[in-house]
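Here's a quick briefing to read alongside the model. Have the viewer open and follow the topics one by one.

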Amino acid sequence: MMKKEWWHGKTAYQIYPKSFYDSNGDGIGDIPGITAKLDYLKELGVDMVWISPVYLSPCADQGYDIADYYQIDPVFGTMEDMDELLEKAKKREIGVVMDLVVNHCSDEHEWFKKACEDPEGEYGKYFYLEKKKEGKLPCNWRSYFGGPVWEQMPGSDWYYLHVFHKKQPDLNWENPVVRERIYEMINWWLDKGLAGFRIDAIINIKKPQMFKDYPPDREDGLCDMGTVLADTSGIGDFLREMRDRTFRPHEAFSVGEVFNAKDGELGDFVGEEGYFSSIFDFRQTVEGKSVDGWYAARIPTPDDYKRCCFESQREMEGTGFYSNIIENHDEPRGVSHYLPKEARNSKGKKLLAALYFMLKGLPFIYQGQELGMENRCFASIDEVDDISSRDEYQVCLEAGLSPAEAMEVVSRYSRDNARTPFQWSGEENGGFTTGKPWLGLNENYREINLEQQRNDPDSLFAFYQKLIGLRKDPEYRDTVVYGKTEPVLEEESGIMAYFRQGEGQRILVAGNFGQEERLIRIDGVDKGSFRLLLSNGGEPVLDERGMVLEGLQVVIGVV
Ligand code: GLC
Ligand code: CA
């Protein structure tokens, strides 16, 4: 029997503060904007929010480049605003999870500034500093945002390592002083009453012992960080120490952004004695991606989606809990990415919602997902802010794509798809701001917005409320949270179906990605045994042949 934890039954919601709600008309979402919308979150039914970074930052990577961990960036508000948010969230029994970005800081952090002043001094040891060897960079790793991971320190012959942008120098976790300062900061925040942290890019904190070259995988002569991380071991010592010094004594929730856990290591990460409470399941987000870049990626089909989900469910069973998503601030919108074009309507969006939400694990809803917000079509690279999209645009051009073709690729994968402002209403700027939004809204905000869905019992928003309600319902909660996932009809293309087997209770989730009606037969599921709990189109037809699902229908029922 798995040990029960306070967070197991929760439903989490990710807020991208810059694009959630702007309280003062400067076009940028802020902390008072989140506080103003707490009642909305309560109405939706979520009980935990993860807020992307709001710390002091030059914003080279939207706040994932932190200049001071103890300060709130003025565009987002003040520390008093943060304290007020924590207090008001607590009153509503909503736990606040902040983003913990400690693989790197900003090049404008005082630690880095001091390191630049004296690379051989105390602060130089906070970073990875190397000199060229025989005129060559220390190694040929490619940064996630393009180009080599090494950048020259201003006015010296030292180079510093940055696996992300050059404005994000990596912190040297091998230095115990750095680790101490990080734990101190984490505890300072946890003492304020946070529910926990989402831990950014954490798998990168351990580098191989030597900065050595790996075989290049593109014409730039560089190699992907994935290759480098696969050749790294020993991260557990850091993660265990961080857990024991910070999260554990606070009984805090922690969810890691872990892309590259190795086979057989899952238990180390999220088992009962794991480093984290949970990690995100990224299997379906990386499906089809290529080291060559976005232009070479293959869009997953519904069958790919199903296979990925089931592989992850099987892998995790008996070990711990994945955190399940269909999108986040780094991904395209889930409904645009996983649903075939003809299924991108309210019915299809409910289908995807139910199939992912009912999987075992902790569901995270990304802001606007509950409204069915979609990818935006970017006409020119000037409309795109995201640094990763800008790099990928160049990669497309270098691979011989025309600017128009490159924009098609960028529109499909850009992180800005998820970063357009939240669509509160059909008014000017979607009710997000009274000023000029920092990033253009999706043109469809007049059709897709909260105001239009809020009081419609058939809306996607209402459907998410019901899904969350089911997760909390004393009658089904145990099965929804702890029941084992048992896939069925795995070979049936276009159908995704599974049982959640609880103690003395069994729930079936079955959906049809196609437009045509489909007859499915599942042992034990018949007219006498099936009782509908939720669907996106009334009762399914059940007769002696089996169950008939309409095109895009999804059903959840007890059998
Ligand atoms: C994570 C964040 C992403 C950021 C990167 C560097 O992947 O989710 O937004 O760019 O780390 O901090
Ligand atoms: Ca603002």
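**Ligands and a cavity**

Five residues come nearest to ligand 1, out of 14 around this ligand: Asp61, Asp200, Glu257, His329 and Asp330. Keep in mind that this is a predicted model. Besides ligand 1, there's a calcium ion (ligand 2) to look at, plus a cavity.

**Around ligand 1**

- The shell around ligand 1 breaks down into 7 charged, 4 nonpolar and 3 polar residues.
- Asp330, one of the residues that come nearest, has a side-chain N or O atom 2.4 Å from an oxygen atom of ligand 1.
- In the side chain of Arg198, an N or O atom sits 2.9 Å from an oxygen atom of ligand 1.
- For His104, a polar side-chain atom is also found 2.9 Å from an oxygen atom of the ligand.
- As for cover, ligand 1 on its own would expose 310 Å², and the protein buries 96% of that.

**The calcium site**

- The calcium ion (ligand 2) gets its coordination from Asp22 (OD), Asn24 (OD1), Asp26 (OD), Ile28 (O) and Asp30 (OD), at 2.2 to 2.4 Å.
- Along the sequence, those donor residues follow the spacing D-x1-N-x1-D-x1-I-x1-D.
- Are Asp22 and Asn24 buried or exposed? Asp22 has a relative accessible area of 4%, under the 20% cut-off, so Asp22 counts as buried.
- Asn24 counts as exposed because its relative accessible area is 52%, over the 50% cut-off.

**The cavity**

- How many cavities of 30 Å³ or more does the structure hold? The count is 1.
- The largest cavity has a volume of about 40 Å³.
- Its lining is made up of Tyr16, Pro17, Lys18, Ser52, Pro53, Cys59, Gln62 and Phe76.
- By type, the lining of the largest cavity splits into 5 nonpolar, 2 polar and 1 charged.

How values were computed
Residues are numbered from 1 along each chain as its sequence is written. Chains are lettered from A and ligands numbered from 1 in the order in which they are written. This is a predicted model: local features need pLDDT of at least 70, side-chain atom pairs count only at pLDDT 80 or more; totals for chains, interfaces and linings use all residues. Side-chain values use heavy atoms; hydrogens and water are left out. Donors are N, O and S atoms within 2.8 Å of the metal (3.2 Å for Na, K and Ca); water is not among the atoms, so sites may look incomplete. Buried means under 20% relative accessible area, exposed over 50%, partly exposed in between (1.4 Å probe, protein chains only). A residue is near a molecule or strand if one of its heavy atoms lies within 4 Å of it. A polar contact is a pair of N or O atoms within 3.5 Å; within protein, one must be able to donate a hydrogen and the other to accept it, and residues adjacent in sequence count only if both atoms are side-chain atoms. Accessible areas come from the Shrake-Rupley method with a 1.4 Å probe; for residues, only the protein chains shown count as cover. Ala, Val, Leu, Ile, Met, Phe, Trp, Tyr, Cys and Pro count as nonpolar, Asp, Glu, Lys and Arg as charged, and the others, Gly among them, as polar. On a 1 Å grid over the protein atoms alone, a cavity is a set of points where a 1.4 Å probe fits but cannot get out, and a pocket is an open set with protein on both sides within 12 Å along at least five of seven lines; lining residues have an atom within 4 Å of a point. Grid points are joined across faces, edges and corners, and a volume is the space filled by probe spheres set on the points.
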